Amino acid sequence: MINELFAIVKINDHRNSLHLTKLFVSLPDPTEERMDKLFDIWFLEEAFEFLRNLDKKHYEKILFNIRKAQIEQDPEIFKKLKDDIWEFRTLYQGLNYRLLSFWDRTNQKNILVVATHGFIKKRRKVPEREIQKAKQIRMKYFMDKERAKRKKK
């Protein structure tokens, strides 16, 4: 069975405006019996660009694993690192792909995981500089979100 995966992509351009784009990929359904999503995912620009620059089969495998993580808890695919930073993990053709992310639970109806950026991991441990980068992106994301909320009022 083929399942259509739509990932909402949030892109901040240099003018600080928001654009929503959809990334479409057809994937086999990882678990046919359970379809309730635990969360939605937003790819920030750097994460989206990382995926876009990979070969098709590689990003399809990563998106397959993300879809699987959306419907079942599996620490081999999605796990907490530290300081509210999580990682999507994919091993494909001997390469360890990682997408770092964080939770945005500010809207109880729509729980989001926001993917910050991706990289190919060469060592056993995730480099501290990658975690720090994700933490900085997380901080900026929530500051921008708060600023946008104040502007609406």
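**Helix 2.** I started with helix 2, residues 56-71, in this predicted model. I counted 16 residues there. The span from first C-alpha to last is 23 Å, close to the 22 Å expected at 1.5 Å a residue. Next I looked up burial along helix 2. His58, Glu60, Ile62, Leu63, Phe64, Asn65, Ile66, Arg67, Ala69, Gln70 and Ile71 are buried. I note that charged names such as Glu60 and Arg67 are on that list.

**Helix 3.** I then moved to helix 3, residues 128-152. Helix 3 has 25 residues and reaches 37 Å, close to the expected 36 Å. Its buried residues are Glu130, Ile131, Ala134, Ile137 and Tyr141. I kept the general point in mind: an α-helix has 3.6 residues a turn, so residues three or four places apart point the same way.

**Cores.** Which residues have the most contacts inside the largest nonpolar core? I found Phe43, Leu51, Ile66, Phe88 and Leu99, in a core of 21 residues. I listed the elements that give two or more residues to this core: strand 3 (40-43), helix 1 (45-52), helix 2, strand 5 (85-92), strand 6 (95-104) and strand 7 (112-121). Another core lies apart from it, with 13 residues. Trp42, Val114, Val126 and Ile131 are among them. Ile131 is also one of the buried residues of helix 3.

**Aromatic pairs.** I got a count of 11 aromatic pairs. I looked at two of them more carefully. The ring centres of Phe39 and Trp103 are 5.4 Å apart and the planes stand at 80°, so I logged the pair as edge-to-face. Phe39 is in the loop between strand 2 (18-28) and strand 3, while Trp103 is in strand 6, so this pair ties together parts 64 residues apart in sequence. Phe39 and Trp103 are both buried.

The second pair is Tyr141 with Phe142. Their centres are 5.0 Å apart with planes at 85°, so this pair is edge-to-face too. Is each partner buried or partly exposed? Tyr141 is buried, at a relative accessible area of 5%. Phe142 is partly exposed, at 22%. The cut-off for buried is under 20%, so Phe142 does not count as buried.

**Cluster and charge.** Which residues do ring pairs link into a cluster? I wrote down Phe39, Phe78, Trp86, Phe88 and Trp103. Phe88 also appears among the residues with the most contacts inside the largest core. Last, I checked for a charge over Trp103. The charged end of Arg105 sits over that ring, 4.3 Å from its centre.

Notes
Residues numbered from 1 in each chain as written. Predicted model: local features only at pLDDT ≥ 70, side-chain atom pairs only at ≥ 80, totals over all residues. Heavy atoms only, no water. Helix = DSSP H or I, 4+ residues; strand = E, 2+ residues; numbered from the N terminus. Expected span 1.5 Å × (residues − 1). Buried < 20%, exposed > 50% of the residue type's maximum accessible area, 1.4 Å probe, protein only. Core = buried A, V, L, I, M, F, W, Y, C linked by side-chain atoms within 4.5 Å. Phe/Tyr/Trp six-rings, centres within 6.5 Å; stacked < 30°, edge-to-face > 60°. Lys NZ or Arg CZ within 6 Å of the ring centre and 35° of its normal.
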